[in-house]
Amino acid sequence: MNDKKFCEWIRKRECCVCHQGNWNEQLGEWSNTVSHIKTKGSGGKIFGNVVSMCIPCHRAWEDGPKKNKELYLELAKIQVELFEGIRK
């Protein structure tokens with residue numbers, strides 16, 4: 001699986017927190033962030049560990065107590081399955 005293509009795909013998904021998107025007028029497309037559930041420093045990889053978040057929710061996630069980690073990890077696994085299904 002290609003990390004770059006997967007991350008591009010994730011950015012176009014709705015935010016897993018507020019279910020909204022971040023419209024980037026300069027790019028003319030949805031531009032959410034790729035948020036790691038487990039940090040890269042603690043061994044968090046791309047696949048099965050990232051979700052789409054809009055910029056405000058991502059900032060709140062990074063600055064907050066990291067609530068709902070288990071739920072987001074489950075969602076991250078589902079996103080990998082969806083991405084793989086689309087690529088077949």
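Me: Which residues is W30 in contact with, leaving aside its neighbours within four places in sequence?

Reply: With those neighbours set aside, W30 is in contact with R11, K12, G21, N22 and W23, where contact means heavy atoms within 4.5 Å. This is a predicted model, in which local features need pLDDT of at least 70, side-chain atom pairs count only at pLDDT 80 or more, and totals for chains, interfaces and linings use all residues. Residues are numbered from 1 along each chain as its sequence is written, while side-chain values use heavy atoms, with hydrogens and water left out.

Me: Why does W30 count as partly exposed?

Reply: The relative accessibility of W30 is 43%. Buried means under 20% relative accessible area and exposed over 50%, with partly exposed in between (1.4 Å probe, protein chains only). The value for W30 lies in that middle range, and therefore the residue is called partly exposed.

Me: Where does W30 lie?

Reply: W30 lies in strand β2, residues 29-30. Strands are DSSP runs of E with at least two residues, helices are runs of H or I with at least four, and both are numbered from the N terminus.

Me: How do you know that β3 and β4 pair?

Reply: Two strands pair if DSSP finds at least two bridges between them. Four bridges join β3 to β4 (residues 50-53), and therefore the requirement is met. The two strands run antiparallel, and H36 stands opposite V50 in β4.

Me: What makes both faces of strand β3 count as covered?

Reply: Strand β3 spans residues 33-36, with T33 and S35 on one side and V34 and H36 on the other, and all of these are buried. For S35 the relative accessible area is 0%, which places this residue in the buried class.

Me: What makes the link between S35 and H58 a polar contact?

Reply: A polar contact is a pair of N or O atoms within 3.5 Å; within protein, one must be able to donate a hydrogen and the other to accept it, and residues adjacent in sequence count only if both atoms are side-chain atoms. The side chains of S35 and H58 are joined at 3.4 Å, so the distance satisfies the cut-off. Beyond four places in sequence, the residues that S35 touches include H58, N49, W61 and E62.

Me: Why does N49 count as buried?

Reply: N49 lies in the loop between β3 and β4. Its relative accessibility is 4%, so N49 counts as buried. Apart from residues up to four places away in sequence, N49 touches S35, H36, I37, K38, G44, L73 and A76.

Me: How do you know how many disulfides the structure holds?

Reply: A disulfide is a pair of cysteine sulfur atoms within 2.5 Å. For C15, the closest cysteine sulfur is that of C57 at 3.8 Å, which is too far for a bond. C54 is likewise in no disulfide, as the nearest cysteine sulfur, that of C57, is 3.6 Å away. The structure holds zero disulfides. C15 counts as buried at 0% relative accessibility, and C54 counts as buried at 6%.

Me: What makes up the largest nonpolar core?

Reply: A nonpolar core is a set of buried Ala, Val, Leu, Ile, Met, Phe, Trp, Tyr and Cys residues joined through side-chain atoms within 4.5 Å. The largest such core has 10 residues: C15, C16, I37, V51, M53, C54, C57, W61, Y72 and A76. The elements that give two or more residues to this core are β4, α2 (55-63) and α3 (69-87). A second, separate core of nine residues includes C7, W9, V50 and V80.

Me: What makes the meeting of K66 and E62 a salt bridge?

Reply: A salt bridge is a side-chain nitrogen of Lys or Arg within 4 Å of a carboxyl oxygen of Asp or Glu. The side chains of K66 and E62 meet at 3.4 Å, N to O, and therefore fulfil this definition. A search of the whole structure finds one salt bridge. K66 counts as partly exposed at 25% relative accessibility, and E62 is partly exposed with a relative accessible area of 42%.

Me: Which sign does the phi of K66 have?

Reply: The phi of K66 is positive, about 60°, although K66 is not a glycine. Most residues other than glycine have a negative phi. N68 also has a positive phi, of about 65°, and is not a glycine. K66 is found in the loop between α2 and α3, and N68 is found in the loop between α2 and α3 as well.
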